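User: Got a minute to walk through this one with me? I'll throw questions, you answer.

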Amino acid sequence: MTGTTRIADGTDPLGALTDRLGGIAYGGDYNPEQWPADVWPEDVRLMREAGVNLVTVGVFSWSRLEPRPGVYDWRLLDTVLDLLHAGDIAVDLATPTAAPPPWFSKAHPDAGPQNAAGTRLTHGSRQAFCPSSQAYARASDAMVTALASRYADHPAVVMWHVHNEWGNHNALCYCGTSGAAFREWLRERYTSLDRVNEVWGTDFWGQRYGEWSEIDPPSETTAFRNPGQELDYRRFSSDALLARHRAESALLRELGPGIPLTTNLLGTLEKKVDGHAFARESDIVSVDHYLVSADPGNHVDLALNADLARGMAGGRPWVLMEHSTSAVNWQPVNVPKAPGEMRRNSLTHLARGADGIMFFQWRQSRAGAEKWHSAMLPHGGTETRTWGEVTALGAELAELSEVRGTRVAARVALLFDWHAWWALELEARPSERLRYLDAVRDWYGALWDLAITCDLIAPDADLTPYEIVLAPSQYLVTDADAESLHAFVRGGGHAVIGPFSGAVDVNDRIRGGGHPGAFRELLGLVVDEYLPLRVGESALLSDGSRAAVWTERVESRGCTARLRFAEGPEGGPARGGPAVTRHAYGGGAGWYAATALPAPALRALLGEACREAGVAAVAEVPPGVEAVRRAAGDRGYLFLVNHTDAEAVVPVGGGCTRIDGSELTGSVTVPAGDVVVVREAPVAHGEHAANYGEGS
Ligand code: GAL
């Protein structure tokens, strides 16, 4: 395992790549097989016009490249790669393994994924394979070997793109092959069947297994499934795809050494695979992000996902591999982006550490399932608004080239954990209204409002760079990760922990001694009872706001209450009790929210914890204006993104200029809907202030 720190020749792989491109990576998925050959030269010409310097090729072209088993046809890629190279457009060459050809499914009918109801899914879409199928493994390894052998030395190829969005459609397979692989996975993890019985608590409902062969995937059954089994099946399923990822990566590294490797991750769009595990295997972390057009806060979700990408990249720059120029085609109503929105989206990703801005896809399809999905070059061609914005963005990214390689320094970390997400949302919890992403989004949103930057990191990540660690929803926590948080606080850090956290161990088994098991000592309290609220119910808080969804009856064991549920019936089932607490622990403090706090109360809590920890806003911005700093050495860039309909005036320090060099005196005006990048005055001797989180 090489992880994101794999640096082939002592350099940062993404830095080396953007050096080679001569700037920030810009482009998208290029699917030339959808078009006749005479269109390809025009594609290259227009790519150059738009400032494109990198395209992802071949993502779904397996059936073209291997039209019959073992018979390869390289004419398409030979021609297209040469054309692109001649046009000075570099290639992120994808393994086409997300789209096994129809011949594969016909030859191996049992290699299709099977759903929980027992239905075998057929080809005709994409990712129609069982992650544990040996036939699929053999066929895809052969394809990857042939592809890498042919193109590893092609001068256009600058990056390997492994598969496409692992697990997007087929992560959970319940077939017999998956069952056998699941049993192997369990043997390796637990060694003995007794241990499996113990950690899954199979004595409940008489589920005790006497033979390994009795264990199946948790497919549809009469009532609740065993939660330990369900949780391990999630882990196994993610690992099964990770094994495929590793197999492809090993072939690519062997046949094309020195070419950095990535796979496009899905961030919060994908619950089924553990994004951190895949990110650790990438030389360059890349992610896809799509806005939900009906969500008025979708720009905050974008920022959250960008900060997760950076967290997965260990703070290094990363690549936005896909987003859309305008409408997508997979939401109930697919509303185009408003003029200027795509630019705001792209520059926000850049602000948060992306050194590559890419789209799905280059040329809008005229047939197939995604013909109504926007692209860089729309159906209407170069006369369209989208094309105008695409070319303008290409030019602007070229002007912003000096920003690449700089980093976003965060002093706040927010734990983002797929295992906790899986566990919290298993069946038969105290409330199905307590959702993992809701909590993460609420807490992240409060920080966004405060203009405080955070990294979204795995709970086993190094916490030492941070002053504050937020755990909005850590229902499941391992002993080691709980201890790491304790050590962080003992050493002077602040931990702010959300409701229903710490309740269970790695196997979803209740931690003894009272809730919140893993965090009792850190928080100096015990939760006597979890008290979820019904739809329409709320609990009045002592600051006058109201909490919905969830409350808890908390008893202090040393903590002090910072906010309470109101006395009397309006205070809800935990009336009069603590709603927010603080506990001095070691050199730091453990804070707890015993309810899903409404936005103002959450802002107040996080604001207070940040103040205590000495973490300030990046800049003094009005509501709805986003501020992020990228910096390296003595250089700093302040990105200001105005999401409002009114112009904003933001104070800036002395010596700041716009990117074009024009002087700024004391403040900068950011017009409505606009983005301004401020080049800050160089800081003499040492690191830029941002790296110490001192704000501007
Ligand atoms: C992504 C996928 C692309 C395309 C896009 C449409 O999930 O990787 O191939 O389907 O969605 O939004």
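Analyst: Sure. Keep in mind that this is a predicted model. Let me start at one pair in a sheet: V57 stands opposite L93 in β3.

User: Which strands does that pair sit in, and how do they run?

Analyst: The strands are β2, residues 54-57, and β3, residues 90-94. They pair in the parallel sense, over four bridges.

User: What's the strand order in the whole sheet?

Analyst: The order is β5-β4-β3-β2-β1-β9-β8-β7-β6. That is an open sheet of nine strands, with parallel pairing.

User: And which are the edge strands?

Analyst: β5 (261-262) and β6 (264-265). Each of them pairs on one side only.

User: Which strands does helix α12 lie across?

Analyst: Helix α12, residues 341-351, lies across β8 (318-322) and β9 (354-359). The helix runs at about 145° to β9.

User: What comes after β9?

Analyst: A loop between β9 and α13 (385-399), and Q361 is found there. A cis peptide bond joins F360 and Q361, with omega about -5°. As a rule, most peptide bonds are trans.

User: Where else is there a cis bond?

Analyst: Between H515 and P516, where omega is about -10°. P516 sits in the loop between β13 and α17 (520-523).

User: What about phi at D88?

Analyst: D88 has a positive phi of about 65°, although it is not a glycine. Its place is in the loop between α4 (75-86) and β3.

User: Switching to the ligand. Which residues are around it?

Analyst: The list is F60, R126, N164, E165, N168, D288, Y290, E322, W330, F360, E370 and H373. So F360, from the cis bond with Q361, is also one of the residues around the ligand.

User: How does that shell split by class?

Analyst: Four nonpolar, three polar and five charged residues.

User: What are the distances for E165, W330 and H373?

Analyst: For E165, a side-chain N or O atom is 2.5 Å from an oxygen atom of the ligand. H373 places a polar side-chain atom 2.7 Å from a ligand oxygen. For W330 the value is 2.8 Å, again from a polar side-chain atom to an oxygen of the ligand.

User: How much of the ligand does the protein bury?

Analyst: 96% of the area. Taken alone, the ligand exposes 310 Å².

User: Back to sheets. What's the order in the one with seven strands?

Analyst: The order is β11-β10-β12-β13-β20-β19-β18. This sheet is open too, with mixed pairing. The edge strands are β11 (454-457) and β18 (560-564), each pairing on one side only.

User: What's the twist there?

Analyst: On average, 20° from one strand to the next.

User: How do β10 and β11 pair?

Analyst: They run parallel, and four bridges join β10 (residues 412-415) to β11. Within that pairing, V412 stands opposite C454 in β11.

User: Which helix packs on this sheet, and what does it touch?

Analyst: Helix α18, residues 599-613. It touches β10, β12 (468-471), β13 (494-497), β18, β19 (578-585) and β20 (588-593). The direction of α18 makes about 170° with that of β13.

Note on methods: Residues numbered from 1 in each chain as written. Predicted model: local features only at pLDDT ≥ 70, side-chain atom pairs only at ≥ 80, totals over all residues. Heavy atoms only, no water. Near = heavy atom within 4 Å. Polar contact = N/O pair within 3.5 Å; in protein donor to acceptor, adjacent residues only side chain to side chain. Areas by Shrake-Rupley, 256 points an atom, 1.4 Å probe, with all protein chains shown as cover. Nonpolar A, V, L, I, M, F, W, Y, C, P; charged D, E, K, R; others polar. Pairing = 2+ DSSP bridges. Helix = DSSP H or I, 4+ residues; strand = E, 2+ residues; numbered from the N terminus. Axes fitted to C-alpha atoms, helices over the stretch in contact; angles between N-to-C directions. Contact = heavy atoms within 4.5 Å.
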